[in-house]
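Hi,

Here is the structure I promised to pass on. My notes follow below it, so please have a look at both when you get a moment.

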Amino acid sequence: MPFKKDFSPYVPRPATLKEKKKLSELVTLFTFELDNGKALAHRPGQFIQLSIFGVGEAPFSVSSPPDPSKQTFELAVRKIGAVTQSLHAMAPGQKVAIRGPYGTSFPVLDFVGKDTLFVAGGLGYIPLRSLLHYQLRHRSEFGRIIVLVGCRNPQERIFTDQIEELTARKDVEVLETVDIPDAAWKGNVGVITTLFPKIPIDPTNTSVAMVGPPIMYRFVLAECRKLGINPNNIFVSLERKMKCGVGKCGHCMINDLNTCMDGPVFRYTDIEAYQEAI
Amino acid sequence: MDAYIVHLERLPALFNAWAKDSALSVPSATPEGFYEFIPWNGEAEIAWDYDLIYNPPKRFVMPAKETLISFDLKDLQAKPVFEAPAQIVFGMHPYDVKAISQLDQLMELGIPDQNYLKRREATVIMALTPQSVAETAFWASVGAEEVQHGFDLYWTKIGPASFLVEVGSKKGEELLHAAAPPTRATVSEKEAARRAKIKVNQFARRKQLLYNWEETPRLLAKNWDSPLWRKNSETCLACGSCNLVCPTCYCFDLVDEVDDKLETGTRSRSWDGCMLTSFALVAGDHNFRPKALDRYRHRYFRKGKYIYDKIGELGCVGCGRCVRACTANIANPLAVFNALWEESTHAF
């Protein structure tokens, strides 16, 4: 075993909050830098454990792409529990503590040379953004980039200016929808699967990356099946209650898989037989 | 395996010698009418024929609450905390030894948990062949009646005042020599110990699985949709008692505590239970196992399949503690596995 006897996987490293940017009423984008001067060195789809000492620890997907030119990394966080309330109350310059990165990532090489269909439901855009921006930085390596974004209502949309920029680009196809429109909404109305008939997809050469609320997966998978997309080329990231991050505490189990180590990113064919997965 | 003979009258001297350097726990009857490991105080009456220690011995290697890190709230520096007091647990039945051996494997698997492993390394386990069997126990039918490893010494009472002691480790052998040197066991004494084990194991087999226990993972794999899960879990109170008393349950929660001045603090782990409603609850109130059925089934799959798939042993050692702890009378692994077996077709 390459592990030292005094190694504890439970010790986090201090990190400083560099920037804060509000994305919606409840969601804010936080930019962090590790105090040890090193990059986080994550891969798209991985998560970290963020500690606010005295309050607790919670898992978050890294939203920024791996970028060797940058020391910082970004987390987009919804204000919903004890840790996230405290995080939202922080100002740049204040410190948190980080463990990780943990878990599996989207296998970037599996997407090379193929079209990519991103299916982002609600906060699912946050982890997918890491892969999406990675692909954009290496744009020529990939085929079409199709991004489907669904939200409950227009107020909950996040990264709106970035999505607007993407929409303006010729080499990215973006389609948005909301479940419940307001008076100002001019776009598509309906759940995310209503976007599928609106865009031609080549099922023989498309890889899918999807993240969204638990209810979304089975319906999107049904659409993919209808199109004839090879289920080997479908990747999902699943949310569970990752607590220890090292496969011990039992909270994030999907049958006998530890989502924190075997996931959160799974190839669909690797988990389709697991009753608790989708 | 080397074996020695120790006579009863030598035990106080041995116990007192051990207790000088280690916290020594021995099985004893409690005033409430249960059996429990209690600290050796020089004169405690050992319950040689106890049937079941009320609380599982996992607390010696994974306490109900254990500090993992300490931190400074000003500079956010955190340090690991390892606590590993020297301790000896005397008189553990083989099924409980087996449960701890499982924890050893699971905690070493993947990223090793040094908090556990260091504590385990400082722990000496002295096994004891049972002389009575709890009403709810079925350890002899799940392959947990004897252990080949996981103990430092293995004690078997072979006469009114004599014990055969098998050596499981060098440390154990040294401890046995802590007082006057013991005598080596003869062939007939070894035979007496073998018979003592056979006798109690045969008695314990009165509670039997209807099939070879190694079939359990396959049995469960075929029975995900069995109506039994719903039927049994209908009366589950989600109290987590079965988790609490289970010698192989090790799921935990992480909790922060800070001092009054908000300057320093600790993060600890404390036992958690997959039967509790909030176990798989995430932000936004989404619960990945919202129904008692989901949680109940998950627990039996862990015991009967998931742990087996990882380490090749059944995650249930048949101690029967959960049977006794469950007020709804649904937590009987033997009854669950046998019912599944009876309703299955056994066609592979």
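The bend at a residue is the angle between axes fitted to the seven residues ending there and the seven starting there. Helices (H or I, at least four residues) and strands (E, at least two) are DSSP runs, numbered from the N terminus. This is a predicted model, in which local features need pLDDT of at least 70 and side-chain atom pairs count only at pLDDT 80 or more, while totals for chains, interfaces and linings use all residues. Residues are numbered from 1 along each chain as its sequence is written, and chains are lettered from A and ligands numbered from 1 in the order in which they are written.

Now to helix 9 of chain B. A kink of about 50° is centred on B:Arg302. Of the 20 residues in this helix, 14 are buried (20 or more other C-beta atoms, placed from the backbone, within 10 Å of the residue's own), so the rest of the structure largely encloses it. Just after helix 9 of chain B comes B:Gly312, with a positive phi near 75°.

On to the chain contacts: 36 residues of chain B are in contact (C-beta atoms, placed from the backbone, within 7 Å) with 35 residues of chain A. Strand 11 of chain B gives the largest share of the chain B side, 5 residues.

Finally, the domain assignment, automatic or from a database, splits chain B into domain 1 (3-204) and domain 2 (213-343). Their centres, taken over C-alpha atoms, are 25 Å apart, and 35 residues of domain 1 of chain B are in contact with 32 of domain 2 of chain B.

Best wishes

Note on methods: Buried ≥ 20, exposed ≤ 12 C-beta atoms within 10 Å, placed from the backbone. Contact = placed C-beta atoms within 7 Å.
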